[in-house]
Each structure stands twice: as structure tokens, then as C-alpha cells.
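Biologist: I am new to reading structures, and I would like some help with this one. Could we go through it feature by feature?

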Amino acid sequence: MSVLSVRAPLAWLGPGRLVEDALVVLDGGRVAYAGPAAEISVVVAGERGAEGLSGRAAPPQADQEIRFDGFVMPGVVDRHVHIGLSDPGAVLAGGVVAVRDLAWPPDVVFPLAEASETTAFNGPLIRAAGAMLTCPGGYPTRAAWAPSGTGLEVLGAGDAAARAADLLARGAVVLKVALNGDVGPTVTDAELVAICDVAHQAGTIVTAHAQGRGQAARALGAGVDELAHCPWSEHLSDELIEAMARRMRIVSTLDIHSGGRDTPELRTAVDNLSRFLAAGGRVAYGTDLGNGPIPPGIHVGEAFHLYRAGLGPERLLEALTFRPLAEGEPADLIGLARDPREDLGALGEVRLVVRGGRRYR
Ligand SMILES: [Zn+2]
């Protein structure tokens, strides 16, 4: 695999690492160097004979050098998509280098996730939950958007544990459970606890679709680690929000309630999220791509909702990304026309996309 270097006047390499005249060297699908371009010339000079200038080995010589006149940052990660309802190529071209699919038939999505690990795949790296665990007749078994097999019905704690373990064995990186009391029955407490226990014993997490009165509190109590949507169907008490902030992460998906418009559901969700953030809670960018008219690629509208909920520029970039650009990390980066810390609209001006060390845009 070839060595690619990207040099840009400004780069955000990760939390607290804003660098002017930055250089990122990518080798073999990994970052070989990310930092000030000036530092690397010192290292290279050191290699040539001036001993002791730096203890670091010089990165390999680049086969291809890109001079990018804009803002470089790690690729964006969308933690809530249904990739089967979108175009993977458009997702990647729009700056999203990795996605987490939160419910699709396992026979379809797990092979797709495996295929996405090769550089021949024109799309983001796909990680998947497989089917959404639910009860007989529960959400999403009758949802219009969900093909047969998107919901996996469990009956009893033993059955719930067995089916959860089976999903993990087939490649699920997270377990998704439906707690949607607004549209039908939900799993029992015993089933919910069994699913959480299986996930935690395997070292992974449970994410929940919590909708309807009391479901967010129930998720917290049972040990669910993450909410796949910021709660929008009820105003959560400060007490509950504070407890959630200590133990849970929220995936935003705010624009599904909005589509650019102000709605009561959006207001409730933004209010819940702003108090959650003020209490120290962690939020991850997620769009629920596939649900309605969410555009593929970085969704500027979702970023603006996060901003309104109280995320400053630095925390916003953190919520949008996963790993920093640093030695040994995945060779995934994007280039924007301008600095998004000054104008979030820049997130819609993706000019360069590199995934796995290969340039896609
Ligand atoms: Zn979804």
C-alpha cells in the first residue's frame, strides 16, 4: 500500500490538538505521523546525520503528497444509521468514514459490514448491531421502514439471553433493544436485564430506542449504556438527567424531529440534551440516516442542533469523530473548505476524503 501525505494550513487532530501548517502521513492504513510539518523536517534532518535532534523515527517517504488548502480533521463517524436505506458511496463522499448500523436484518448487514473492511468497498466502514431485540409484536416488527428480520422477537429471559449471545457471535458490535411503549408492547424487565448482562459479560454495550413515558428511566435502571436517540417523547426530570449523565451516553439524532423546522419534539429533545450536557453527560453524533429525508454524509443540520443544545466547537468536533489523528490510529481523514469552528456550515463543504489510507475524494 502506498504512503500518502496531506499538508494543510490548519488541522484539528483531536481534542486539544489544533495545529497550524499540519502534516499527516498515512502508511498501510494507519497514521505514521500527525503534527506540525516543521517538526517532521527536524526529524528527517536528524535521520540524515544531525544525531539526537529527536528520538522519533522519521515517517516513510510519501508516494503521493496532497497540499490541501483548507481544514483537515479526522473522518466523521455516524453512530446511528440504517445503511441499507442509503447510498454508502454518498455517505463516504460526504465525509463520514465509519457508521454504526442500528438495526437491519442480520443476514444482510453482517456480510455488508465484513465487505466494508476492504478498500475496494466504496463506502464507510460499517459496524452493525444486526436485528433490534424486541418482544412479540413490539417495535419495529410492524414499522413501515423495517424489512422482515429487522426486529428479533424474544420470549422469556433465557430466550433473550440466547438470542443476544447469537447476535454477538455473528458479529454484532453493540446490542440494540426496543423500548418503544408508544407503538406497542416492550420486552419485560427480566428480558431487558438478561440482554444487558449478556452484552456486559462480552465487553460490549446495549443501546436502546427509548420512547414513551418512563422508558428512559427504565433503560437507565436496567443497565442500558446508551440511548440511540436523545429522548424526545417526554420532558425528563433533572434528577433522572443527572443520573443518566453519570452512566449513559446519548446518540443525538435530533434532526429526525425537525427536518429544519422547529417542532415540539425537537424542543423537548434539545432541552433534555442541554441539561444532560450541562450535567457532564457524553453525546455522540448520530443522524438515524435512512429515517426520512436525512442527507448522506455529514449532516450540517444535526451539527447545528448539537450546537444549540450547548456543544461548543471543540466538543462538537469530538462528538463528530471517534479516534484522533495520531500515530498508529486508522488512516481516515477529511478536508473541509473552511474552519468549522468558525462556521458550522463548513461541515457541508467536504473537499477531501481519505479512508484506510486511500483517497476517495
Ligand atoms: Zn434508527
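Biologist: How many bridges join β2 to strand β3, and do the two run parallel or antiparallel?

Modeller: Good place to begin, and please keep in mind that this is a predicted model. In general, strands of a sheet pair through backbone hydrogen bonds, either parallel or antiparallel. Here β2 and β3 (residues 30–36) run antiparallel and are joined by six bridges. Within that pairing, alanine 22 of β2 faces proline 36 in β3.

Biologist: What links β2 and β3 in the chain?

Modeller: They form a hairpin with two residues between them, and glycine 28 in the turn has a positive phi of about 60°. On its other partner, β2 is paired with strand β1 (residues 3–14), again in the antiparallel sense, over ten bridges. There, alanine 8 stands opposite alanine 22 in β2. That pair is a hairpin too, with two residues between β1 and β2, and its turn holds glycine 16, with a positive phi of about 75°.

Biologist: Which residue that is not a glycine has a positive phi of about 45°?

Modeller: The general idea is that most residues other than glycine have a negative phi, and most peptide bonds are trans. Aspartate 21 departs from that pattern, with a positive phi of about 45°. This aspartate sits in strand β2 (residues 17–27), and with a relative accessible area of 34% it is partly exposed. Threonine 253 is not a glycine either, yet has a positive phi of about 40°. Look for threonine 253 in the loop between β14 (249–251) and α8 (264–278); it is buried, with a relative accessible area of 0%.

Biologist: And where is a peptide bond cis?

Modeller: Go to the bond from tyrosine 139 to proline 140: it is cis, with omega near 5°. Proline 140 belongs to the loop between β9 (132–134) and β10 (151–153).

Biologist: In what order do the seven strands of the open sheet lie?

Modeller: Read across the sheet rather than along the chain. The order is β10-β9-β11-β12-β13-β14-β15, with parallel pairing. β10 and β15 (282–284) are at the edges with a single partner strand each, so one side of each has no neighbour in the sheet. Helix α5 packs on this sheet and touches β9, β11 (175–180) and β12, its direction making about 160° with that of β11. Inside the sheet, two bridges join β12 to strand β13 (residues 226–227), and alanine 208 stands opposite leucine 227 in β13.

Biologist: What does threonine 204, in the loop between α5 and β12, touch?

Modeller: Threonine 204 follows α5 (189–201) and precedes β12 (206–211). Leaving aside residues up to four places away in sequence, it touches Leu168, Val173, Val174 and Ala199. A polar atom of the threonine 204 side chain lies 2.6 Å from the backbone oxygen of valine 173. Threonine 204 is buried, because its relative accessible area is 14%, under the 20% cut-off.

Biologist: Which three strands form an open sheet with parallel pairing?

Modeller: They are β6, β7 and β8, in the order β6-β7-β8. The edge strands, β6 (76–81) and β8 (125–128), each pair on one side only. From one strand to the next, the twist averages 20°. Four bridges join β6 to β7 (residues 96–101), with valine 81 opposite aspartate 101 in β7.

Biologist: Which residues coordinate the zinc ion?

Modeller: To read a metal site, list the donor atoms and their distances. The zinc ion is coordinated by His80 (NE2), His82 (NE2) and Asp288 (OD), at 2.0 to 2.2 Å. Along the sequence these donors are spaced H-x1-H-x205-D. Histidine 80 is buried at 0% relative accessible area, and histidine 82 also counts as buried, at 4%.

Biologist: How many disulfides does the structure hold, and why does cysteine 196 form no bond?

Modeller: The structure holds zero disulfides. For cysteine 196, the closest cysteine sulfur is that of cysteine 135, 15 Å away, so the two are too far apart for a bond. The sulfur of cysteine 230 is 19 Å from its closest one, in cysteine 196, which is again too far. Cysteine 196 is buried at 1% relative accessible area, and cysteine 230 counts as buried at 0%.

Terms used
Residues are numbered from 1 along each chain as its sequence is written. This is a predicted model: local features need pLDDT of at least 70, side-chain atom pairs count only at pLDDT 80 or more; totals for chains, interfaces and linings use all residues. Side-chain values use heavy atoms; hydrogens and water are left out. Buried means under 20% relative accessible area, exposed over 50%, partly exposed in between (1.4 Å probe, protein chains only). A polar contact is a pair of N or O atoms within 3.5 Å; within protein, one must be able to donate a hydrogen and the other to accept it, and residues adjacent in sequence count only if both atoms are side-chain atoms. Contact means heavy atoms within 4.5 Å. Donors are N, O and S atoms within 2.8 Å of the metal (3.2 Å for Na, K and Ca); water is not among the atoms, so sites may look incomplete. A disulfide is a pair of cysteine sulfur atoms within 2.5 Å. Two strands pair if DSSP finds at least two bridges between them. Axes are lines fitted to C-alpha atoms, for helices over the stretch in contact, and angles run from 0 to 180 degrees between N-to-C directions.
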